[in-house]
Amino acid sequence: MATPHFSSALSAPAVPAAYPMAKPGYGKRSAPGQQPRTRDDFATLPTRERYVAGFVDHLPEGAEMGIKRLAKQLPLYGQQAISTAMNALSVAGHLRRVRCAVGAGDETRWVFRTFWSRTARDNAWWNAYLATETAARTAAPAEPAAASVPPAPAPVAVPQQRTAPETAPAPAPATAPTAPAAPTVPSPAYLALAELGRKDIRLALSADDCAALEAQAAEWLARGVSTDYLTTALTAGLPAQVDCPPRFVRRRLTDKIPPQLPGGPASPGTGTPPPVGRILVECTDCGRPGQPEALPDGLCRPCRAAHSPGGQPAPDPTEIAAVKAHMANLRDLLKPV
């Protein structure tokens, strides 16, 4: 339980007018049903967390929420201190980092958001809220409209000439400017391969490696598995050293490919995009994704163990009850006849 820290409170700096915004669809999102701002907001938090929370609370919608950006705007603390403070705010119930699937068809992609609540919420509230997020809420905002072109001035009436003007040569037809080619959107299979090196440096692949292995990875997705399943299957149980990551990944893609289930997609080579509206909570500390119920306090189990007193995760009431029942059975068995 948080302990009140009312003395020597630091007031968070004002948000600069030119604070950078995240790309459309990313950044800060405010949760509904928050209480109005008061002077006692975040009063039960330690000084550093109250300082960071006061600054984040005043950021506009869609503001960039990266640790580096926050540390640059809050010079009293470095990146490690800001990261620790964000973990504490997640445990206190003020924020959740999520991945949202947006778009349609081949244009489906993941966007990353930080949901913020000035009013502290418990895990049950966050789970219910994230579970009921609608596709309209998770849909990415439309791309900014192109700059409006000022209308051409109205033609000015010219008085009729009494004599016919000299015939002028016909102007050469204007050549229309060539439109820039649309950027190629990487497939989910390519992105999953590109993320392997960030999950584990032993599987770092180059762009050419990802392109060469893309068809095999897409065949996995065509069999109904998610990109998270694919990443986990490729990174689980790695040896201490991987001499040739592309060859190692190709071997695993061949040996561990999941079976084709009846009624599943039959066309290999086409990735199955994540369903629109799906939300995965990210661990506030390490970024590991999972269902909201699997990340209480916004932290995965290893990170909760690392940040809990003694380096052990908080005990689960269900596990405690099971252990007590087991001990009672043992006592009954050991009773003398």
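In which helix do Asp255 and Arg251 both lie, and how many residues apart are they? Before selecting them, keep in mind that this is a predicted model, in which local features need pLDDT of at least 70 and side-chain atom pairs count only at pLDDT 80 or more, while totals for chains, interfaces and linings use all residues. Residues are numbered from 1 along each chain as its sequence is written, and side-chain values use heavy atoms, with hydrogens and water left out.

**Stop one: helix α9**

Select residues 245–255, which make up helix α9, and you will find Asp255 and Arg251 both within it, four residues apart, or about one turn of the helix. Helices here are DSSP runs of H or I with at least four residues, strands are runs of E with at least two, and both are numbered from the N terminus. The two side chains meet in a salt bridge, with 2.9 Å from N to O; the term stands for a side-chain nitrogen of Lys or Arg within 4 Å of a carboxyl oxygen of Asp or Glu. Arg251 counts as exposed at 58% relative accessibility, whereas Asp255 is partly exposed at 49%. For these words, buried means under 20% relative accessible area, exposed means over 50%, and partly exposed is in between, using a 1.4 Å probe and protein chains only.

**Stop two: other salt bridges**

By this rule the count comes to nine salt bridges. Select Glu49 and Arg48 next, a pair whose closest N and O atoms are 3.1 Å apart; Glu49 is buried with a relative accessible area of 6%, while Arg48 is partly exposed at 26%. Then show Arg37, Asp57 and Arg118 together, since these residues are linked in a network of salt bridges.

**Stop three: helix α1**

Now colour residues 47–57, helix α1, which is mostly covered, with nine of its 11 residues buried. Among the buried ones are Tyr51, Phe55 and Val56. The buried residues of α1 pack against β1, α2 (67–73), α3 (79–91) and β3 (109–116).

**Stop four: Lys28**

From α1, move to strand β1 (residues 27–30) and select Lys28 within it. Lys28 is buried yet has no salt bridge, and the nearest side chain of opposite charge, that of Glu61, is 5.1 Å away; in this reckoning Lys and Arg count as positive and Asp and Glu as negative, with His and the chain ends not counted. What the side chain of Lys28 does reach is the backbone oxygen of Val56, at 2.8 Å, and a polar atom of the same side chain lies 2.7 Å from the backbone oxygen of Leu59.

**Stop five: the sheet**

Show the strands, and follow an open sheet of five in the order β1-β3-β2-β4-β5, with mixed pairing. Strands β1 and β5 (289–290) stand at the edges, each with a single partner strand, so one side of each is left without a neighbour in the sheet. Further in, β2 (residues 95–102) and β4 (residues 279–282) pair in the antiparallel sense over four bridges, where a pairing requires DSSP to find at least two bridges between the strands. Select Arg99 to see the residue that stands opposite Leu280 in β4.

**Last stop: cysteines**

The structure holds zero disulfides, a disulfide being a pair of cysteine sulfur atoms within 2.5 Å. Cys286 is in no disulfide, and the nearest cysteine sulfur, that of Cys300, is 3.7 Å away. Cys286 counts as partly exposed at 45% relative accessibility, whereas Cys210 is buried at 2%.

Technical notes: Polar contact = N/O pair within 3.5 Å; in protein donor to acceptor, adjacent residues only side chain to side chain. Contact = heavy atoms within 4.5 Å.
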